[in-house]
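Morning, everyone. Please have the sequence and the model open while I talk. I'll start with the core, then move outward.

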Amino acid sequence: MDWRTFAEQMASLARDLLAQESVRDTLERITGAATELVEGCDAAGILLLRGRRVQSLAPTEQLVIDSDQLQERAGEGPCFDAARTSVGERQFRIADFTDVTERWPTYVPEARKLGLGSMMGILLFTEDEDLGALNFYSRRPGAFTEASETAGWLLASHAAVAFSSARTQAQLQEAIGTRHTIGEAMGILMGSHRLTEDQAFAALRRYSQDRNVKLRDVARQVCERGGLP
């Protein structure tokens, strides 16, 4: 591993991640970089865990999705463990899928049938939140060295910050859009029904609660139809 070249590539990647226009674009750039920058990596993806259900984000190949789904069914695996661990180990590796392992006895034999030779899972985290696991896959046994692990950890550190920032920005944009839509809907109700601002908001909220529809969706319907449905 030429660490000087790697450092230059990481610096370029950091700038590139900031330039992405959406969370999806950011994640796809991260997993694409994994296959470009981490020696031995044939495919990559990000696994999110919700309870015991997994979600595959920005997979570079179908192999990633198949592995994630297998871990969900088995309830075990290095990426599954990394994504659900908030303390202790934050990095996991299966060096060789042809070896017998006691740690993931259900997952490993089935993953071998998918064509996996070795893999790593590294937790994406910031000081405030855990964001899932960045996972690296190889079809060759023993593909990931100590240098690969170090490179993967450095990439995951950058990825976590970029992921968190992109998600925060998306949430902020959504909140601004929602606020604007609600304000527009209130204006429509105020004008058509001679309501005060408080009365218009109360009408939207009451309709939302009575019909178990999100307030932003009610507001959008009012804007589209010119009044409450």
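First, a term. By a nonpolar core I mean a set of buried Ala, Val, Leu, Ile, Met, Phe, Trp, Tyr and Cys residues joined through side-chain atoms within 4.5 Å. Keep in mind that this is a predicted model.

Now, which residues of the largest nonpolar core touch the most other members? They are Val38, Leu124, Leu134, Phe136 and Leu155, out of 29 residues in that core. Several elements give two or more residues to this core: H1, helix H2 (23-37), strand S1 (43-50), S4, S5 and helix H6 (146-193). H6 supplies the largest share, seven residues. A second core lies apart from this one. That one has 19 residues, including Leu63, Phe92, Trp104 and Leu116. As a general point, nonpolar side chains in soluble globular proteins tend to be buried together.

Take Leu134 as an example. Leaving aside residues up to four places away in sequence, leucine 134 touches ten partners you can look up, among them Ile30, Ile46, Met120, Leu124 and Leu155.

Next, helix H1. It runs over residues 3-18. With 16 residues at 1.5 Å a residue, H1 should span 22 Å; its end C-alpha atoms are 23 Å apart, so the two agree. Which residues of H1 are buried? Phe6, Met10, Leu13 and Leu17. These four cover an arc of only 60° around the axis, so they sit on the same side of H1. In general, an α-helix has 3.6 residues a turn, so residues three or four places apart point the same way. Now turn H1 around. The face away from its buried side carries the exposed residues Arg4, Arg15 and Leu18. At the N-terminal end of H1, aspartate 2 acts as a cap. One of its side-chain oxygens lies 3.2 Å from the backbone nitrogen of arginine 4.

Last, two serines. Serine 118 is in strand S4 (residues 118-125). Serine 138 is in strand S5 (residues 130-138). Buried or exposed, at 0% relative accessibility, for serine 118? Buried, because the cut-off for that is under 20%. Serine 138 is buried too, also with a relative accessible area of 0%.

And their polar partners? The side chain of serine 118 reaches the backbone nitrogen of alanine 143 at 3.3 Å. Serine 138 uses its side chain for a polar contact with the side chain of aspartate 42, at 3.4 Å. Serine 138 also touches Ser118, as well as Ala143 and Phe144.

Note on methods:
Residues numbered from 1 in each chain as written. Predicted model: local features only at pLDDT ≥ 70, side-chain atom pairs only at ≥ 80, totals over all residues. Heavy atoms only, no water. Expected span 1.5 Å × (residues − 1). Buried < 20%, exposed > 50% of the residue type's maximum accessible area, 1.4 Å probe, protein only. Arc of directions from axis to C-beta. Polar contact = N/O pair within 3.5 Å; in protein donor to acceptor, adjacent residues only side chain to side chain. Contact = heavy atoms within 4.5 Å.
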